[in-house]
Amino acid sequence: MKIEEVIKATVPMSLPKKIILNIMYTQNVIGENFNEIVKAHDLSPEQYNVLRILRGQKGKPANMCVIQERMVAKTSNTTRLVDKLLLKELVTREVCPDNRRKMEVAITQKGLDLLKELDPVIDSHEEKFTKNLTVEEQETLNTLLEKYRNA
């Protein structure tokens, strides 16, 4: 369905406006589906992102700056997110031995187990939105989105 039909536009739109609206609408569709998945596991998308970042550390802790730099949503309150994950025992937080002003955060086994449980569900979610595209189309879409974002 064309974006004009989805939003029931009654006036013609410029191509740049259609592109922006299409990206925003598509992000909302993908985001709502993703929210349902992580919410069923008592996580927010941002908390999931923190866990994913920490798993990528391969056992090494990360300080709050590293986590913030790697977040998909840069406006997230990292300290609050880590506090909530601490309460769920999905991460640990300790003072950095080299710099007592820094906090180091690591994923727990419980956090790793939760991600392992979520991995196939997230993979299925990602595949759901690419099933109508060939591999070549997926590569083209990815390239175009990167080019568009870096304008």
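**View 1. Start at K8, an exposed residue with a relative accessible area of 65%.** This is a predicted model, so keep that in mind as you look around. Residues count as exposed when their relative accessible area is over 50%, and K8 is therefore in that group at 65%. Look for K8 in the loop that links α1 (3-6) to α2 (15-39). Its backbone has a positive phi of about 55°, although K8 is not a glycine. Most residues other than glycine have a negative phi.

**View 2. Now find E89, in the loop between α5 (78-87) and β2 (91-95).** Is E89 buried or exposed? E89 is exposed, because its relative accessible area is 53% and the cut-off for exposed is over 50%. Here too is a residue that is not a glycine but has a positive phi, about 60° for E89.

**View 3. Step back to the whole protein chain, with its seven helices and three strands.** Following the sequence, you meet them in the order α-α-α-β-α-α-β-β-α-α. The C-alpha trace spans about 60 × 30 × 30 Å along its principal axes. What is the radius of gyration of the protein chain? It is 19 Å, while a compact globule of 151 residues would have one near 15 Å.

**View 4. Finally, look at the surface of the protein chain, about 10,900 Å² of accessible area.** Carbon and sulfur atoms hold 55% of that surface. Of the 151 residues, 26% are buried. You can also pick out 24 positive and 22 negative side chains, and the centres of these two sets lie 5 Å apart.

Definitions and conventions. Residues are numbered from 1 along each chain as its sequence is written. This is a predicted model: local features need pLDDT of at least 70, side-chain atom pairs count only at pLDDT 80 or more; totals for chains, interfaces and linings use all residues. Side-chain values use heavy atoms; hydrogens and water are left out. Helices (H or I, at least four residues) and strands (E, at least two) are DSSP runs, numbered from the N terminus. The radius of gyration is taken over C-alpha atoms; the globule rule is 2.2 Å times the number of residues to the power 0.38. Buried means under 20% relative accessible area, exposed over 50%, partly exposed in between (1.4 Å probe, protein chains only). Accessible areas come from the Shrake-Rupley method with a 1.4 Å probe; for residues, only the protein chains shown count as cover. Lys and Arg count as positive and Asp and Glu as negative; His and the chain ends are not counted. The place of a charge is taken as NZ of Lys, CZ of Arg, CG of Asp or CD of Glu.
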